[in-house]
Amino acid sequence: MRRPPGRVLTVAALAAWGFLAWVLLTWTLTVEQLVVGAALAIVVAVALAPLGPAVGPWWFFTPRRLVAIVRLLLVTAVRVVIANVKLSIRIWRPSRPLASGMVIVATQARTEGELAAVGIISSVVVDNQIVDIDRRSRHLQYHAVSVPTGSRRLVRTRVNGPVETLIEQLEDPHD
């Protein structure tokens, strides 16, 4: 079990995330813009550091995690394209029966981060949009464009299973 990061490491992690967010949101790379972004990131990081430890962006750069992230991005991109094509066909051919509704799916996600990642990433695919999370019973509720049929295991495989499997690969076995 690793020791939680110290205050300096937490401030550095929060400042790094804040600066990355600043750069992505402003999308301007002038010296002045970068200096203001860095200063704001440090001020916000110092203010937020007492709330608890944070993981820095460098966490992603271990080879095993980098491979898992690339796989997660690729699988999600493929699922997004397939879902959008299916939805387009459904729109162009309105005679197809509509089987939308709510579906409750079991989850193996344990932490808040895993639940958030599964909910957000699986909702990027237009087939299913996360609606509710029941942590106690470990279930996710989705609004589905087309409610999948079959056993609970099969439904989980179609909705959130692929995302959860890839997110599990991001975990550090030494944490």
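The expected span of a helix is 1.5 Å times one less than its number of residues. In this predicted model, that rule can be applied to helix α2: at 1.5 Å a residue, its 18 residues should span 26 Å, and the C-alpha atoms at its two ends are 25 Å apart, which agrees.

**Helix α2 and its two sides**

Helix α2 has a buried set of residues made up of G37, A41 and A45. Around the helix axis these residues cover an arc of only 65°, which puts them on the same side of α2. The partner of the buried residues of α2 is helix α1, against which they pack. On the other side of α2, the residues V31, E32, V35, V43 and A47 are exposed.

**The aromatic cluster**

How many aromatic pairs does the structure hold? There are 2 aromatic pairs in the structure. In the pair of W17 and F60, the ring centres are 5.9 Å apart and the planes stand at 90°, so the arrangement is edge-to-face. Because W17 lies in helix α1 (residues 7-26) while F60 lies in the loop between α2 (31-48) and α3 (63-92), this pair ties together parts that are 43 residues apart in sequence. The pair of W59 and F60 is likewise edge-to-face, with 5.0 Å from centre to centre and 85° between the planes. Through these ring pairs W17, W59 and F60 are linked into a cluster.

As to solvent exposure, W17 is partly exposed, with a relative accessible area of 35%, and F60 is partly exposed as well, at 27%. For W59 the relative accessible area is 25%, which again makes this residue partly exposed.

**Salt bridges**

Side chains of opposite charge can pair when their charged atoms come close. A search of the whole structure finds 3 salt bridges, which are set out below with their N to O distances.

| Side chains | N to O distance |
|---|---|
| E114 and R110 | 3.8 Å |
| E112 and R135 | 2.8 Å |
| R156 and E164 | 2.4 Å |

The salt bridge between E112 and R135 joins two separate elements: E112 lies in helix α4 (residues 112-124) and R135 in the loop between β2 (128-134) and β3 (139-144), so the pair ties together parts that are 23 residues apart in sequence. Within this pair, E112 counts as exposed at 55% relative accessibility, whereas R135 is partly exposed, with a relative accessible area of 43%.

In the salt bridge of E114 with R110, the acidic residue E114 is buried, with a relative accessible area of 10%, while R110 is partly exposed, with a relative accessible area of 46%. Are the partners R156 and E164 buried or exposed? Both R156 and E164 are buried, and their side chains meet at 2.4 Å, N to O.

**T76 in helix α3**

The residue T76 is placed in helix α3, where it is buried, with a relative accessible area of 12%. A polar atom of the side chain of T76 lies 2.8 Å from the backbone oxygen of L72. When residues up to four places away in sequence are not counted, T76 touches I121 and V125.

**Positive phi angles in two loops**

Most residues other than glycine have a negative phi. A positive value, near 55°, is nevertheless found at W27, a residue other than glycine. W27 sits in the loop between α1 and α2, and at 67% relative accessibility this tryptophan counts as exposed.

R138 also has a positive phi, of about 60°, although it is not a glycine. The place of R138 is in the loop between β2 and β3, which is also the loop that holds R135. At 36% relative accessibility, R138 counts as partly exposed.

Notes. Residues are numbered from 1 along each chain as its sequence is written. This is a predicted model: local features need pLDDT of at least 70, side-chain atom pairs count only at pLDDT 80 or more; totals for chains, interfaces and linings use all residues. Side-chain values use heavy atoms; hydrogens and water are left out. Rings of Phe, Tyr and Trp (its six-membered ring) pair if their centres lie within 6.5 Å; planes under 30 degrees apart count as stacked, over 60 as edge-to-face and the rest as tilted. Helices (H or I, at least four residues) and strands (E, at least two) are DSSP runs, numbered from the N terminus. Buried means under 20% relative accessible area, exposed over 50%, partly exposed in between (1.4 Å probe, protein chains only). The arc is that of the directions from the helix axis to the C-beta atoms. Contact means heavy atoms within 4.5 Å. A polar contact is a pair of N or O atoms within 3.5 Å; within protein, one must be able to donate a hydrogen and the other to accept it, and residues adjacent in sequence count only if both atoms are side-chain atoms. A salt bridge is a side-chain nitrogen of Lys or Arg within 4 Å of a carboxyl oxygen of Asp or Glu.
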